[in-house]
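User: I would like to learn how to read a protein model feature by feature. Could you walk me through one, starting with the general idea each time?

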Amino acid sequence: MPEPETLPTTLLTGFLGSGKTTLLRRALTSPALADTAVVINEIGEIAIDHHLVDFVEGSVVELPGGCLCCAVREDLARTLRGLLDRRAAGEIRAFSRIVVETTGLADPAPILYTLGADPMLDHCLHLAGVVTLVDAVAGAQTLDRFPEAARQAALADTLVISKTDLAPLGPELASRLDRLNDRARRMLAGDADDPGALLFGAAARAAPPVFGAEPVAAHSHGIDAFAISLGGEISRLDFARALGGLARERGNDLLRVKGIVRFSDRPDRPAVVQAAQHAMFAPEWLDDWPADWAVGAESADRPGGGRRSRLVFVVHDIPRTEILAHFAFADPALWHAAGG
């Protein structure tokens, strides 16, 4: 009997703000990758990234609430098993490959362990490779400061250098990557005519370092992930002053900001806003609010009803009170999924 065909599965990783979702979106616009299932894990209680890859109809699964390499690793295995069962039963569109996009704080080793240790997954899937994005602007500093970033680079089969339109791949970063992993293919994201080839290229997997029976992830001390909600009328100027001031004062420790905001000049078109360290990105306008965002009715004193703007922060040694103070103009409050 011939061996059953297994589905290639790529682990897409990289530190916060390195450009994983941007690369994924570029790759999935290719008709050749239309039959790709995507599993997105996001840190914090607000899922943002799956709204950015919504053109992958019916095949995007998001795992909010924690890092794949920690408590929700079993959720990853359960999700993948569920996808395979639904594919076999014809309940969802058939897919021929899988991409798992991790949070920026994920250590890939325990995730790889999970994929290999689960009998069903090991029987149905094979690892196409680990693709790690490294930011050309802040990569060298990030590799020095955060062990997670170093592990991501060390375990990569392919290292994709992003943001080279802002800074070249300098000798300092190149030297660090050489010391961490001189086996991996090294590509510049901007030079990739076919981003899909980066995710599912034919290059052989690199031999990974040897770990113990079950690797356990450990995150850097001082990293905090939380969400806040914002109310009232929010002008783009006030928002830019608040987030820009925070980036100016604490940019090195402002690891990631992602959220959906209702700006007063375009109340019917919510905007996805993102920032990483000192960089703030242009808003991306959605056609409408996500269906799971609507809570409560709109009224004169509650524009947008329950659709309060929300932001996820991943920071290093920045007190939550300091961030709330920057957004005092918008009645900020810590946000939890249970309470909305």
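User: Let's begin with secondary structure. How many helices and strands does the chain have?

Analyst: This is a predicted model, and its chain has eleven helices and 14 strands. Of the 340 residues, 52% count as buried. Contacts add to that picture: among those between residues at least 6 apart in sequence, 75% join residues at least 24 apart.

User: Since the model is predicted, I should look at confidence. What is the mean pLDDT of the chain, and which elements have the lowest and the highest mean values?

Analyst: pLDDT is the predictor's own confidence in each residue, on a scale from 0 to 100. Here the chain has a mean of 76, and 76% of its residues reach 70 or more. Going element by element, strand β3 (residues 60–64) has the lowest mean, 43, while α11 has the highest, 96.

User: Where does pLDDT stay under 50?

Analyst: One such stretch is residues 202–216, for which the model has 24 contacts beyond four places in sequence. Another is residues 296–304, with 13 contacts of that kind.

User: Next, cavities. What is the general idea, and how many of 30 Å³ or more does the structure hold?

Analyst: The general idea first: rolling a probe the size of a water molecule over the atoms shows where empty space is left. In this structure there are three cavities of 30 Å³ or more. The largest cavity holds about 160 Å³ of space. Its lining is made up of 18 residues, and those closest to the centre are Phe15, Leu16, Ser18, Asp135 and Thr142.

User: Which elements give two or more residues to that lining, and which gives the most?

Analyst: Two or more residues come from each of β5 (125–135), α6 (139–145) and α7 (147–154). β5 gives the most, with four residues. By chemical character, the lining of the largest cavity divides into nine nonpolar, seven polar and two charged residues.

User: Let me stay with α7 for a moment. Is α7 mostly covered or mostly open?

Analyst: Mostly covered: six of the eight residues in α7 are buried. They are Glu148, Ala149, Ala150, Gln152, Ala153 and Ala154.

User: On to salt bridges. What is the idea behind them, and how many does the structure hold?

Analyst: Side chains of opposite charge can pair when their charged atoms come close. The structure holds eleven salt bridges. For one of them, look at Asp265 and Arg236, whose side chains meet with an N to O distance of 2.5 Å. This pair links distant parts of the chain, 29 residues apart: Asp265 lies in the loop between β9 (254–261) and β10 (271–276), and Arg236 lies in helix α10 (residues 236–250).

User: Are Asp265 and Arg236 buried or partly exposed?

Analyst: Asp265 has a relative accessible area of 45% and Arg236 one of 37%. Partly exposed covers the range between 20% and 50%, so Asp265 falls in that class, and so does Arg236.

User: What other salt bridge involves helix α10?

Analyst: Arg250 pairs with Glu322, their closest N and O atoms being 2.8 Å apart. Here too distant parts of the chain are linked, with Arg250 in helix α10 and Glu322 in helix α11 (residues 320–326), 72 residues apart. Glu322 is partly exposed, at 22% relative accessible area.

User: Which residues are linked in a network of salt bridges?

Analyst: That network consists of Asp144, Glu172 and Arg176.

User: One last feature: residues that lie apart in sequence but meet in space. Which residues does Ser235 touch, leaving out those up to four places away in sequence?

Analyst: Ser235 touches Phe263 and Ser264. The C-alpha atoms of Ser235 and Ser264 are separated by 5.4 Å, although the two residues are 29 apart along the chain. For its setting, Ser235 sits in the loop between β8 (223–230) and α10, and at 22% relative accessibility Ser235 counts as partly exposed.

Technical notes:
Residues are numbered from 1 along each chain as its sequence is written. This is a predicted model: local features need pLDDT of at least 70, side-chain atom pairs count only at pLDDT 80 or more; totals for chains, interfaces and linings use all residues. Side-chain values use heavy atoms; hydrogens and water are left out. On a 1 Å grid over the protein atoms alone, a cavity is a set of points where a 1.4 Å probe fits but cannot get out, and a pocket is an open set with protein on both sides within 12 Å along at least five of seven lines; lining residues have an atom within 4 Å of a point. Grid points are joined across faces, edges and corners, and a volume is the space filled by probe spheres set on the points. Ala, Val, Leu, Ile, Met, Phe, Trp, Tyr, Cys and Pro count as nonpolar, Asp, Glu, Lys and Arg as charged, and the others, Gly among them, as polar. A salt bridge is a side-chain nitrogen of Lys or Arg within 4 Å of a carboxyl oxygen of Asp or Glu. Buried means under 20% relative accessible area, exposed over 50%, partly exposed in between (1.4 Å probe, protein chains only). Contact means heavy atoms within 4.5 Å.
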